[in-house]
Structures are given as structure tokens and as C-alpha cells.
Amino acid sequence: MKLSTSRLVILLLSCLIFGFGIMKGQTAEASITTSGSTYTVTSGDDLFNLLTNNKNYWSSQNVPPTDLTIKVANTITLPGYDASLYSGLTNVKVDFQQHQFYASSMQEITWRREF
């Protein structure tokens with residue numbers, strides 16, 4: 001079966017539109033996984049959430065461990081805002097496991113510990 005040029009173009013455009021529709025519906029989900037006192041993150045937002053508790057990850061039912069290790073599972077982008085460490089954290093180690101990180105803003109990120 002021989003396709004005319006116009007039918008071939010229509011077929012290719014249909015495939016592209018269908019493909020972009022599928023890709024648009026798929027979003028990368030950030031996640032935090034735990035193994036004992038080690039937490040693994042896949043995004044800068046999750047790292048900041050564990051360190052700042054700005055999205056209420058820690059609670060009276062989910063208390064942070066005394067010695068918290070956070071492993072970064074891939075290259076991440078850190079959110080660009082000043083951050084105050086969550087007061088419930090006592091001893092934290094962040095292991096980037098040789099992954100790179102980027103800042104989403106050119107502004108300097110300042111960490112504060114508030115008592």
C-alpha cells in the first residue's frame with residue numbers, strides 16, 4: 001500500500017499529537033521514602049520539606065528521628081527561598097551521593113536555625 005505525501009503528513013502529525021497528549025498526562029512525582037532513620041528524596045522540594053517542615057511532613061504522629069540521614073537519589077533543583085530549619089531536628093546529615101544540585105533562583109539560599 002502506497003501512501004500519498006499528504007496522508008503520510010497527516011499520519012505523522014496524528015502520531016505526534018497523540019504522543020504529546022500521553023506525555024502531558026504523565027508527571028514526575030516527587031517522593032520521600034524511609035528505611036529506619038534514613039530518608040531518601042527525589043526532589044529539592046522534598047529535601048526542603050524534610051528540613052523545614054513547611055508542608056507539615058513532621059507531626060506528632062510522624063516525629064523526626066534523633067539522628068536523621070537524608071539521601072538524595074538524583075540530581076535535584078533546590079527551591080529558591082530562605083529556609084528555617086525545623087526546630088524538631090537535632091542531628092541531620094544530607095548525603096547527595098555525588099549527585100549535583102541546582103538552585104531555582106539566583107538569590108543566595110540562607111539557612112537559619114530558630115530556637
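Visitor: Which residues form one aromatic cluster?

Guide: In this predicted model, the cluster consists of Y39, Y57 and W58.

Visitor: How is a pair of aromatic rings described?

Guide: Two quantities serve for this, namely the distance between the ring centres and the angle between the ring planes. By the rule applied here, the count comes to 4 aromatic pairs. One of them joins Y39 and Y57, whose centres are 6.3 Å apart and whose planes meet at 85°, an edge-to-face arrangement. Because Y39 lies in strand β2 (residues 38-41) while Y57 belongs to the loop between α2 (44-52) and β3 (67-72), this pair ties together parts that are 18 residues apart in sequence.

Visitor: What arrangement do Y39 and W58 form?

Guide: The rings of Y39 and W58 are also edge-to-face, with 5.3 Å from centre to centre and 70° between the planes. Here strand β2, which holds Y39, is tied to the loop between α2 and β3, where W58 lies, so the parts brought together are 19 residues apart in sequence.

Visitor: Is Y57 buried or partly exposed?

Guide: Y57 has a relative accessibility of 23% and therefore counts as partly exposed, given that the cut-off for buried is under 20%. Y39, by contrast, is buried with a relative accessible area of 6%, and W58 is buried as well.

Visitor: Where does this sit in the whole protein, and how many helices and strands are there?

Guide: The protein has 2 helices and 8 strands, which follow the pattern α-β-β-α-β-β-β-β-β-β along the sequence. Of its 115 residues, 20% are buried, and among contacts between residues at least 6 apart in sequence, 69% join residues at least 24 apart.

How values were computed: Residues numbered from 1 in each chain as written. Predicted model: local features only at pLDDT ≥ 70, side-chain atom pairs only at ≥ 80, totals over all residues. Heavy atoms only, no water. Phe/Tyr/Trp six-rings, centres within 6.5 Å; stacked < 30°, edge-to-face > 60°. Helix = DSSP H or I, 4+ residues; strand = E, 2+ residues; numbered from the N terminus. Buried < 20%, exposed > 50% of the residue type's maximum accessible area, 1.4 Å probe, protein only. Contact = heavy atoms within 4.5 Å.
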